[in-house]
Amino acid sequence: MSSATAERSQTPATTGARVEFRSLRRTFGSTVALDGLDLTVEPGELIALLGPSGCGKTTALRMVAGFERPDSGEVLLDGRDITGVPANRRDAGMVFQSYSLFPHLTVRDNVAFGMRVRKVPAARRQARAAELLELVGLPRHGDRYPHQLSGGQQQRVALARALALQPRVLLLDEPLSALDAKVRLSLREEIRRLQLSLGITTVFVTHDQEEALSMADRVAVLDAGRLEQCAPPAELYERPATAFVAEFVGTMNRLPGRLTDGDLVEVAGRRLPVAGEVPAEREVDVLVRPEDVTVTADAEGPVTVVSASFLGAVTRLHLALSGGDTVKADLPSRDAGELVPGARAVIGLGPRPVLVAPRRPA
């Protein structure tokens, strides 16, 4: 059993809510932020909203929080329409990209602030704040002020504050983007551990693919306010539903190909079945992952190795094709010894179906 599976098996019965986005549309002037978004987040699930800047992911998150109202459509929490419910009456906690801590309050008082607003008795809120600081790994930092903490510690305090009122939905708006790489890695693992142990439904907005793929149960990829695909990380990577998802998630090659009869495409000397939509044009680009490209040294081959980057177990090759196109290939480093810059080679592809897209102009 994997560690993730083992951790899930120990997770208590979920206390998270079911969140539904129904046909949400939101415009800002002539800009369409959301264009009919339909998406369901299951109780206890962590779902990442991923996409380029301006795709609508933060707008969708703010609609759950109650900071934005849709032009049309609904937001449901456990089947109840909360579209018109004020933000302070929604059972949701939010962690922002900027930590938004009160500089004049201690760490303990920052965590307890929401409870104080709701008039929770002092003894109870102090006990709850201490419990949460223990939970996020800061049990001895309660008397410090935000300026005395590192960025990672401040974000832990913000997370504890969001959890103080025991919300059934946790909303994370790029909470790790301001941190350095090592702290970001540590904190995302901590957030995932807490989310699993608490069973809280979580919607996580990020532009970082690695964060989304490593943390989420499912990843929803948005583009121009529309949902392109929502799937578990492995499925999203291995079986992207559209050319946009294929190129946005991970690294993707575009190889020149030609469609033939029977929904086959000729590419790199092979005929392969086409997955997904088939364009009307015959001349197409074929989308292929670097790890799906095979490379064999051949002094008479039509391909030239431009560069070879050693990445440990894998070496990434940049190859120039005879027609002027370039392709990336990831090979086990033990098989790449002869493929030095300037070497000639031939490339091949595996037999599985490929996505195609209209030919991109040179």
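This text walks through the pocket, the cavity, one helix and the salt bridges of a predicted model.

Start with the open space. The largest pocket holds about 680 Å³. It is lined by 25 residues, and those closest to its centre are Ala 92, Gly 93, Met 94, Arg 161 and Leu 165. Three elements give two or more residues each to this lining: β6 (92-95), α3 (107-117) and α5 (151-163). Strand β6 provides the largest share, four residues. By character, the lining of the pocket splits into 17 nonpolar, four polar and four charged residues.

Now look for enclosed space. The structure has one cavity of 30 Å³ or more. Its volume is about 30 Å³. The residues around this cavity are Val 64, Leu 77, Ile 82, Arg 90, Asp 91, Ala 92 and Val 169. Five of the lining residues are nonpolar, two are charged and none is polar. Ala 92 is worth finding in the view. It is among the residues lining the cavity, and it is also among those closest to the centre of the largest pocket.

Next comes a helix. Helix α6 covers residues 181-198, which makes 18 residues. From its first C-alpha to its last it reaches 26 Å, close to the 26 Å expected at 1.5 Å a residue. Which residues of α6 are buried? They are Leu 187, Arg 188, Glu 190, Ile 191, Arg 192, Leu 194, Gln 195 and Leu 196. Some background helps in reading such a list. An α-helix has 3.6 residues a turn, so residues three or four places apart point the same way. Among the buried residues of α6, Leu 187, Ile 191 and Leu 194 can be traced along the helix in this light. Just past the end of α6 sits Gly 199, with a positive phi of about 65°.

Turn to the charged pairs. The whole structure contains 27 salt bridges. One of them joins Arg 18 to Glu 42, with the closest N and O atoms 3.2 Å apart. Arg 18 is in the loop between α1 (3-9) and β1 (19-28), while Glu 42 is in the loop between β2 (31-41) and β3 (46-50), so the bridge ties together parts 24 residues apart in sequence. Are these two residues buried, exposed or partly exposed? Arg 18 is partly exposed, at 31% relative accessibility. Glu 42 is partly exposed as well, at 33%.

Other bridges span longer stretches of sequence. Glu 247 and Arg 360 meet in a salt bridge of 3.4 Å, N to O. Glu 247 belongs to helix α9 (residues 243-248) and Arg 360 to the segment after β20 (354-358), so this pair ties together parts 113 residues apart in sequence. Glu 247 is partly exposed, with a relative accessible area of 27%. Arg 360 is partly exposed too, at 48%.

Arg 359 has a bridge of its own. Its side chain meets that of Glu 283 at 3.7 Å, N to O. The pair links distant parts of the chain: Arg 359 lies in the segment after β20, Glu 283 in strand β14 (residues 283-288), and 76 residues separate them. Arg 359 is partly exposed at 36% relative accessibility, and Glu 283 is partly exposed at 38%. These bridges do not stand alone. Through shared partners, salt bridges join Glu 247, Arg 254, Arg 258, Glu 283, Asp 285, Arg 359 and Arg 360 into one network.

Technical notes:
Residues are numbered from 1 along each chain as its sequence is written. This is a predicted model: local features need pLDDT of at least 70, side-chain atom pairs count only at pLDDT 80 or more; totals for chains, interfaces and linings use all residues. Side-chain values use heavy atoms; hydrogens and water are left out. On a 1 Å grid over the protein atoms alone, a cavity is a set of points where a 1.4 Å probe fits but cannot get out, and a pocket is an open set with protein on both sides within 12 Å along at least five of seven lines; lining residues have an atom within 4 Å of a point. Grid points are joined across faces, edges and corners, and a volume is the space filled by probe spheres set on the points. Ala, Val, Leu, Ile, Met, Phe, Trp, Tyr, Cys and Pro count as nonpolar, Asp, Glu, Lys and Arg as charged, and the others, Gly among them, as polar. A salt bridge is a side-chain nitrogen of Lys or Arg within 4 Å of a carboxyl oxygen of Asp or Glu. Buried means under 20% relative accessible area, exposed over 50%, partly exposed in between (1.4 Å probe, protein chains only). The expected span of a helix is 1.5 Å times one less than its number of residues.
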